[in-house]
Amino acid sequence: MQTTIIRNGIYFDGLGNKGIKKDVIIKDNKIEAVVDKAPNIENAKEIDATDKWIMPGLLDIHAHYDAELEVLPALEESVRHGVTTVIIGNCSLSAALGKEEEIVDLFARVENIPAKVLSQWMIGNIKWKNVREYYEHLDTVPVGPNVASFLGHSNLRMHVMGLDRSFTQKNASEDELKKMETIVEEALDAGYLGVSIDMLPFHRWAGVYAPKYTGFSVPSQLAAKSEYKRLANVLRKRNRVLQITPNAIEKTSFMTITRLSQGGFFKKSLKTTIVAALDLKSNEKIYNLLKLLGFIGNKILRADLKFQTLSVPFLNYGDGPVSPLFEEFPSMIKAISADAAGRHAMFTDPTFRKQFVKEWNHKAASVFPKALKEMWIVNSPVSTHIGKNFEQVAKEAGVEPVEHFMNLLAEYDTKIRWKCETSNHRENVRMELLNSEHCFPGFNDSGAHNLNMAFHDGGLHLFKQAMRHPETMPIERAVYRLTKEPADYLGIDAGDISVGKRADLIIIDPTRLESDLTTEPIEDYHPQFEGSYRLIKRSGKVVQHVFINGNEAYTNNGEVKFHEDLGKKKIFGRLLRSNWN
Ligand SMILES: [Zn+2]
């Protein structure tokens with residue numbers, strides 16, 4: 001195999017040590033040497049990394065590529081931003097268990113991938129019958145980045161209880177609970193990281209194949225606390241990880257999570273990652289509460305909580321009434337499930353409108369700022385709308401703003417596209433959260449809500465902000481926080497490039513961080529999405545080389561180039577099993 005010599009770069013090992021000028025030699029998929037001056041080696045490929053950063057590939061600790069990796073295993077939209085390991089099976093959703101149609105119904109609305117497209121990807125292609133066989137299958141997929149997975153509780157619940165009971169019974173029977181525990185044990189034996197559960201009611205069932213439950217929250221959300229506890233105790237014994245999506249609007253949710261994670265004199269605390277620490281526009285004081293909860297949970301109650309944190313403003317796009325932000329409006333659950341004609345009927349019906357106004361004005365904890373002046377129109381059949389917010393458009397029309405908003409939804413439905421920054425808008429607060437010992441950066445949610453958001457480049461944005469605020473976070477700490485720190489916490493072998501380690505390594509040009517990164521996503525029409533699109537990101541020439549398993553997966557020296565075998569041959573990423581086996 002080829003030897004590669006990277007010369008004169010600033011080398012960050014991923015362990016938190018300061019960057020120092022070094023040459024790095026890669027041989028046979030491993031880091032062969034890190035030296036002051038590498039010798040000349042015959043036939044070696046040479047890369048000049050003068051003034052560039054050499055560091056371990058980044059982890060995306062929260063991704064939803066479970067379906068996508070079956071058809072587009074290269075996962076190019078993460079690799080191009082320097083991500084060499086992705087964690088899937090989050091938010092109680094995974095492809096490990098469940099009938100094909102159930103998996104489509106579970107993923108379609110949350111990931112916002114058309115059911116037609118998902119059906120083509122999944123139906124007829126699921127050959128695995130249990131958690132162990134799913135991992136054996138993942139072993140054969142020619143993934144670009146490395147992959148590790150949680151077992152999704154919604155799938156587990158559907159599999160054990162059957163679809164109807166999983167949606168209607170809060171309390172599983174003792175027999176069902178025992179079956180769930182046995183399957184979780186099997187998954188941990190196979191090397192899964194742990195289990196993901198979802199307490200957030202806004203993740204909903206699409207209902208293309210099982211319309212009886214259209215708009216229902218995914219099954220994990222319904223489960224009794226005692227069920228979560230039984231699963232958590234299996235994880236605790238095996239030193240694995242619980243991933244939780246909390247109920248953001250239910251204050252007791254955090255107490256429930258702390259109790260699940262809490263240790264004691266004879267009890268280990270359970271590693272628990274929580275989505276997500278957000279600095280909400282609708283309540284700018286809430287991040288202080290988050291810090292307090294982290295402190296009380298971790299320092300006083302002996303829990304082991306890590307809030308996953310997004311390193312950029314949380315920018316969401318919506319198509320008229322169809323937006324994940326509207327999933328918290330009871331009136332809109334039906335509207336999102338309906339077709340255009342159905343929604344037109346709703347938004348012209350006085351009773352529905354009255355209900356919508358009531359919910360719009362309802363003052364309660366909410367991720368959505370519910371402010372029309374924060375909702376900017378990016379596309380509309382009426383060209384004069386574009387670039388204005390809904391409040392401006394209403395003023396120009398001389399109509400009360402919420403009334404006018406409903407009129408526009410009635411008339412243009414999904415043809416009117418808008419964007420809204422809901423949270424993480426203050427850079428100083430964001431940096432405080434990203435640096436907090438109770439938080440983990442590296443939450444990008446790649447592959448989720450495909451039409452609504454894109455944060456695949458989140459790690460790079462952390463570096464940009466670390467450059468601006470070295471007093472808050474030095475670069476070596478930012479590198480550690482995106483590589484070895486989460487890898488160790490999750491229990492996988494990744495995240496450092498010491499001698500002898502697998503060569504998952506990237507080269508970054510720090511002078512490009514300010515100029516080349518953007519918060520705005522772009523629309524991408526990939527042929528596998530069958531005429532639909534998804535939002536993705538571009539990061540210019542920030543990332544110049546990405547090595548995975550010693551092979552150069554991506555280069556950008558002015559021209560973007562993915563390796564021709566990426567996503568085709570099994571020479572790049574691999575399934576990473578838990579170290580705790
Ligand atoms: Zn998620």
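This passage walks through the overall build of the protein, its domains, its parallel sheet and two loop residues.

The model is a predicted one. To start with the basics, the protein has 20 helices and 22 strands. Its radius of gyration comes out at 24 Å, close to the 25 Å that the globule rule gives for 581 residues, so the protein is as compact as a globular protein of that length. Along the principal axes, the C-alpha atoms fill a box of roughly 80 × 60 × 50 Å. Of the 581 residues, 54% are buried. The chain also makes plenty of links across the sequence: among contacts between residues at least 6 apart, 76% join residues at least 24 apart.

Next come the domains. The domain assignment gives domain 1, made of 56-315 + 423-496, and domain 2, which covers 321-419. Their centres, taken over C-alpha atoms, are 30 Å from each other. Where the two touch, domain 1 puts in 15 residues and domain 2 puts in 14 residues. On the domain 1 side, that contact splits by class into 5 nonpolar, 8 polar and 2 charged residues.

Then there is the sheet. It is an open one, with 8 strands in the order S6-S7-S8-S9-S10-S11-S12-S16 and parallel pairing. At the edges sit strand S6 (58-60) and strand S16 (439-440), each of which pairs on one side only. Further in, strand S11 (residues 271-277) runs parallel to S12 and is joined to it by 6 bridges. One pair to look for is Ala 277, whose bridge partner in S12 is Thr 309. Helices lie against this sheet too. Helix H9 (residues 252-261) packs on it and touches S10, S11 and S12, with its direction at about 160 degrees to that of S11. Helix H8 (residues 225-237), for its part, lies across strand S9 (194-198) and strand S10 (241-245), running at about 155 degrees to S9.

Finally, two loop residues are worth a look for their backbone angles. Most residues other than glycine have a negative phi. Asn 112, however, has a positive phi, near 50 degrees. This residue lies in the loop between helix H3 (100-111) and helix H4 (115-122). Asn 112 counts as buried because it has 21 C-beta neighbours inside 10 Å, and the cut-off is 20 or more. Arg 302 also has a positive phi, near 55 degrees. Its place is in the loop between helix H10 (286-300) and strand S12 (304-309). With 16 other C-beta atoms within 10 Å, Arg 302 is partly exposed.

Terms used:
Residues numbered from 1 in each chain as written. Predicted model: local features only at pLDDT ≥ 70, side-chain atom pairs only at ≥ 80, totals over all residues. Helix = DSSP H or I, 4+ residues; strand = E, 2+ residues; numbered from the N terminus. Rg over C-alpha atoms; globule rule 2.2 N^0.38 Å. Buried ≥ 20, exposed ≤ 12 C-beta atoms within 10 Å, placed from the backbone. Contact = placed C-beta atoms within 7 Å. Domains from an automatic or database assignment. Nonpolar A, V, L, I, M, F, W, Y, C, P; charged D, E, K, R; others polar. Pairing = 2+ DSSP bridges. Axes fitted to C-alpha atoms, helices over the stretch in contact; angles between N-to-C directions.
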